Structures are given as C-alpha cells and as structure tokens.
Amino acid sequence: VINKPVAIKVLKAAHACVPDVAERFSQEALLASRIDHPNVVKIFDYGTADNGCPYFVMELLPGHALAWEIDHRGPIEPR
C-alpha cells in the first residue's frame, strides 16, 4: 500500500505466549515509534498476525547484518 520496501520484525510463536517477552516486544515497538531521530529506525505499524504473533513494520535501512560485519571484518572494538 505504501509502495516502499520495509522490514518486518516478528516475535516467534514460541515467545509470543510468554507474557514478559510479548510485553517487551510491544514496548519496543511503542517506544521506538515515539522517537523521531535520524539514528533511530522509524516504526510504521504494529499489530498481531493471524497466528497470534506480534509484529512491527519499520523502515528498511541499507547495509548488511551485524553478523556479516563480524564475519568479514572481525570483532568490533567497544569504543
């Protein structure tokens, strides 16, 4: 509908039934959606899939995964 690529984060079904985990997931989506800053991903939507798993839809950022970075460049200094 919005005609742009997005990333979707979904809580696995095994974790969706754990109240603390599901609540933290919801809080992550809610709090991140309230922040408007260039260094924080934008949250477009939040909901629950037909299978009961919560999800949120966020902007898709260019780049690669942290695992790729570590595999190709080695450990990252904490600083």
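User: How many aromatic pairs does the structure hold?

Analyst: One aromatic pair. Note that this is a predicted model.

User: What makes Phe 25 and Phe 56 a pair, and why is the pair called tilted?

Analyst: The ring centres are 5.0 Å apart, and rings pair when their centres lie within 6.5 Å. The planes stand at 45°. Under 30 degrees would count as stacked and over 60 as edge-to-face. An angle of 45° fits neither class, so the pair is tilted.

User: Which parts of the chain does the pair link?

Analyst: Distant ones. Phe 25 sits in helix α2 and Phe 56 in strand β3, 31 residues apart.

User: Are Phe 25 and Phe 56 buried or exposed?

Analyst: Both Phe 25 and Phe 56 are buried. They also belong to the largest nonpolar core.

User: Which residues make up that largest nonpolar core?

Analyst: There are eight: Leu 11, Ala 22, Phe 25, Ala 29, Ala 32, Ile 43, Phe 56 and Met 58. Helix α2 gives the largest share, four residues. The elements giving two or more residues are α2 and β3, which spans 54-59.

User: What does Leu 11 touch beyond four places in sequence?

Analyst: Leu 11 is in contact with Ala 16, Val 21, Ala 22, Phe 25, Cys 53 and Pro 54.

User: How do you know that the buried residues of α2 line one face?

Analyst: The buried residues are Ala 22, Phe 25, Ala 29 and Ala 32. Viewed down the helix axis, they fall within an arc of 110°, so they line one face. The face turned away from them carries the exposed residues Pro 19, Asp 20 and Arg 24.

User: What do the buried residues of α2 pack against?

Analyst: Their partners are β1, α1 (13-16), β2 (43-48) and β3.

User: How do you know that the span of α2 agrees with the expected one?

Analyst: Helix α2 has 15 residues. The rule multiplies 1.5 Å by one less than the number of residues, which gives an expected span of 21 Å. The end C-alpha atoms are 21 Å apart, so the two agree.

User: How many salt bridges does the model have?

Analyst: The count is two. In general, side chains of opposite charge can pair when their charged atoms come close.

User: Why is the contact between Lys 9 and Glu 28 called a salt bridge?

Analyst: The cut-off is 4 Å between a side-chain nitrogen of Lys or Arg and a carboxyl oxygen of Asp or Glu. For Lys 9 and Glu 28, the closest N and O atoms are 2.8 Å apart. The distance is within 4 Å, so the pair qualifies.

User: What does the bridge between Lys 9 and Glu 28 tie together?

Analyst: Lys 9 lies in strand β1 (residues 6-10) and Glu 28 in helix α2 (residues 19-33), so the pair joins parts 19 residues apart in sequence.

User: Why are Lys 9 and Glu 28 called partly exposed?

Analyst: Partly exposed lies between the buried limit, under 20%, and the exposed limit, over 50%. Lys 9 has a relative accessible area of 32%. Glu 28 has 36%. Both values fall in between, so both residues count as partly exposed.

User: What makes Glu 69 and Arg 73 a salt bridge?

Analyst: Their closest N and O atoms are 3.3 Å apart. That is within 4 Å, so the rule is met. The two residues are four apart in helix α3 (residues 66-73), about one helical turn.

User: Why is Glu 69 called buried but Arg 73 exposed?

Analyst: Glu 69 has a relative accessible area of 18%. That is under 20%, so Glu 69 is buried. Arg 73 has 60%. That is over 50%, so Arg 73 is exposed. Beyond four places in sequence, Glu 69 touches His 64, Gly 74 and Ile 76.

User: What class does Val 18 fall in, and where is Val 18 placed?

Analyst: Val 18 is in the loop between α1 and α2. Its relative accessibility is 33%, so Val 18 counts as partly exposed.

User: Where is Thr 48, and how far is Thr 48 from Leu 11?

Analyst: Thr 48 is in strand β2. Thr 48 and Leu 11 are 37 residues apart in sequence and 9.5 Å apart in space, C-alpha to C-alpha. Setting aside neighbours within four places, Thr 48 is in contact with Cys 53, Pro 54 and Tyr 55.

Key:
Residues numbered from 1 in each chain as written. Predicted model: local features only at pLDDT ≥ 70, side-chain atom pairs only at ≥ 80, totals over all residues. Heavy atoms only, no water. Buried < 20%, exposed > 50% of the residue type's maximum accessible area, 1.4 Å probe, protein only. Core = buried A, V, L, I, M, F, W, Y, C linked by side-chain atoms within 4.5 Å. Contact = heavy atoms within 4.5 Å. Phe/Tyr/Trp six-rings, centres within 6.5 Å; stacked < 30°, edge-to-face > 60°. Arc of directions from axis to C-beta.
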